[in-house]
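Biologist: Could you take me through a single helix of this protein in some detail, and then show me where that helix sits in the chain as a whole?

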Amino acid sequence: GINSTDKAVSKDGFELNWAINYLAPYLLTNLLLERLKESAPARIVNVTTNTDFLEKINFDDIEKQSDFDTDDNYSASKLSLNMFSIDLAERLKNTAVTVNYLYPGYIKSNLLRHLKGGAKLMQFMMNIMASPTEVGADRIVRLAISSEYKDVTGVYVAEDQITPPHSEAQIKSKREKLEQITVKALKQWL
């Protein structure tokens, strides 16, 4: 994952948060999907973030990102991943492939290494209170292999609790709109 603090564009022309946090996992998952179904039982675990403070995704500007905002762009990319996870779980029902998404909590990592100024100081202070990297890794691995989640699909796990999804992610028409935008953006690779 990435939390790009400056507007940056991938070599394919996509805003970097959107490209790395959403388009890449979407594409990789879809390219591996037949193999996953053949290998069932299988689990797909998407790592996300807490998106509660993001009101909604601006679908009219999601590809252009004309009004760049670090927090909104990062959160929108992760909320898009959440929406994809819900749809994919529905699509894969009865295939023995489960799809869930996880916010491992605030974990010590280098994800915010590009912050500047006061935000950099805040990140330093937050890292003092952050959970060790091993805690986040354990939560991811648990969702991937624990019998506790054997037949569980389409859920959002925040730290160690199954939690209701973001209100935007619950709206099927918004997920369909996102899917249309995504397929158009990735058509040359799908």
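Modeller: Happy to! Let's start with the outward side of α4, where E134 and I145 are exposed (over 50% relative accessible area, with buried meaning under 20% and partly exposed in between, using a 1.4 Å probe and protein chains only). A word on the basis: this is a predicted model, in which local features need pLDDT of at least 70 and side-chain atom pairs pLDDT 80 or more, while totals for chains, interfaces and linings use all residues. Residues are numbered from 1 along each chain as its sequence is written, and side-chain values use heavy atoms, leaving out hydrogens and water.

On the other side of α4, the buried residues are G136, R139 and L143. They share that side of the helix because they cover an arc of only 60° around the axis, taken from the directions from the helix axis to the C-beta atoms. Their packing partners are β1 (42-47), β2 (97-103) and β3 (156-158).

As for its build, α4 spans residues 133-145, 13 in number, and its first and last C-alpha lie 18 Å apart, close to the 18 Å expected at 1.5 Å a residue (1.5 Å times one less than the number of residues).

Now the wider setting. The protein chain has five helices and four strands (DSSP runs numbered from the N terminus: H or I of at least four residues, E of at least two), in the order α-β-α-β-α-α-β-β-α. Of its 190 residues, 44% count as buried. Among contacts (heavy atoms within 4.5 Å) with a separation of 6 or more, 73% join residues 24 or more positions apart.
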